[in-house]
Structures are given as C-alpha cells and as structure tokens.
Amino acid sequence: MQYRMRKHQLSEEEITKLLTKQPVGNLATINENGYPYVVPVHFTYHEGKIYIHGLPKGQKINNIQANEKVCFETYFMKGFILDEKPCDVNTEYESVVIMGTAAIVDNFNLKEAVLNKIVKKYTPHLEGTKMPDNVIRGTGVIEVTIEECTGKYYK
C-alpha cells in the first residue's frame with residue numbers, strides 16, 4: 001500500500017458521505033478488445049451498492065454484459081495547495097475507488113426505488129413525483145456490487 005494511502009485513509013463514514021454527496025463518478029468497463037472504457041456517470045449509493053442510470057443500450061452496457069468486472073471512482077477536489085516551488089504544489093482532495101462487479105437491473109421494483117433515489121439526489125424538488133411505468137422499464141440501471149473499496153484524502 002502506498003504511503004499516502006496508509007497515512008490518509010478515509011473512514012467508512014467519510015467514504016459514505018463522499019459517495020452520497022458527489023454528483024459525478026467515473027465507471028470503467030473493459031471493451032471487447034480488452035481496453036478500459038471510462039465514462040462519467042450520475043449515480044446513487046443505495047444499500048451498500050452503486051447504482052447508475054442511463055440508456056438501456058450502448059458500449060458500457062455491452063461491456064458489462066461481456067465482462068462484469070468494473071471500477072468506479074469519484075472524488076472531490078477542494079483546491080490546490082500552492083508553494084513557491086512548482087514541484088511542491090499539491091492538491092487537496094478526497095477520493096473513493098471501488099472494484100466490483102456490475103449487473104443490469106431487471107427487477108421493476110428495484111429500478112423504481114433506484115430511480116426515485118436518483119431523482120431525490122439530483123432534482124429534489126421533484127421527489128415524490130410518480131414516474132410512468134414505461135419510463136422505468138425503458139431506463140437502463142446498472143448495479144455495482146462492491147468487492148473492494150478504498151478512500152483517501154490529502155490536505
């Protein structure tokens with residue numbers, strides 16, 4: 001483990017806070033040629049898992065169907081720590097990196113619960129608005145089961 005990782009680990013509570021508050025994460029999948037494919041995503045942290053919504057078709061969906069292994073990352077950059085020497089300038093941040101497996105959610109009730117959490121997170125003024133069943137069925141939802149999670153900070 002890197003020195004900074006040992007010395008600057010986020011607690012479980014701090015990891016949960018970052019996963020709850022951050023608006024954008026990055027999901028990495030592996031494409032058919034074995035290359036990583038990384039895309040920014042909106043997400044919610046629900047019952048110990050990451051949920052991502054989007055179109056029900058596309059490269060990330062194809063990649064997950066072929067290889068369930070993924071990496072998810074989110075971070076909050078607080079700012080630069082300036083110094084007189086360019087090589088001593090640093091960044092104050094918090095980050096979380098998750099290794100896990102992804103699956104496409106088919107269960108209607110779970111999809112509805114996840115989409116309601118996403119509405120609450122991103123558009124809280126619309127919380128409680130009933131979504132049409134066809135919208136729920138037509139939205140792609142990805143569930144990331146966490147196998148390994150690390151969080152670190154620097155300040």
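Helices (H or I, at least four residues) and strands (E, at least two) are DSSP runs, numbered from the N terminus. This is a predicted model, where local features need pLDDT of at least 70, side-chain atom pairs count only at pLDDT 80 or more, and totals for chains, interfaces and linings use all residues. Residues are numbered from 1 along each chain as its sequence is written, and side-chain values use heavy atoms, with hydrogens and water left out.

**View 1. The whole chain, with five helices and seven strands.** Going along the sequence, the order is α-α-β-β-β-β-α-β-β-α-α-β. Along the principal axes, the C-alpha atoms fill a box of roughly 60 × 40 × 25 Å. Of the 155 residues, 34% are buried (under 20% relative accessible area, with exposed being over 50% and partly exposed in between; 1.4 Å probe, protein chains only). Take the chain's contacts (heavy atoms within 4.5 Å) with a separation of 6 or more: 71% of them join residues 24 or more positions apart.

**View 2. Glu143, in strand β7.** The strand covers residues 140–154. Glu143 counts as buried, at 15% relative accessibility. Its side chain makes a polar contact with the side chain of Tyr51, at 2.6 Å (such a contact is a pair of N or O atoms within 3.5 Å; within protein, one must be able to donate a hydrogen and the other to accept it, and residues adjacent in sequence count only if both atoms are side-chain atoms). Leaving aside neighbours within four places in sequence, Glu143 also has Lys49, Ile50, Thr101, Ala102 and Leu110 among its contacts.

**View 3. Val141, also a β7 residue.** Val141 is buried, with just 1% relative accessible area. Beyond neighbours within four places in sequence, Val141 touches Tyr51, Ile52 and His53, and its other contacts include Ala103, Ile104, Val105 and Leu115. Val141 and Ala102 sit 39 residues apart in sequence, with their C-alpha atoms 10 Å apart in space.

**View 4. Cys71 and Cys149, and no disulfide to show.** A disulfide would be a pair of cysteine sulfur atoms within 2.5 Å, and the structure holds zero of them. Why is Cys71 not bonded to Cys149? The Cys149 sulfur is the closest cysteine sulfur to that of Cys71, but at 10 Å it is too far for a bond. Looking from the other end, Cys149 is in no disulfide either, and its nearest cysteine sulfur is that of Cys71. How accessible is Cys71? Cys71 is partly exposed, at 21% relative accessible area. Cys149 counts as partly exposed too, at 31%.
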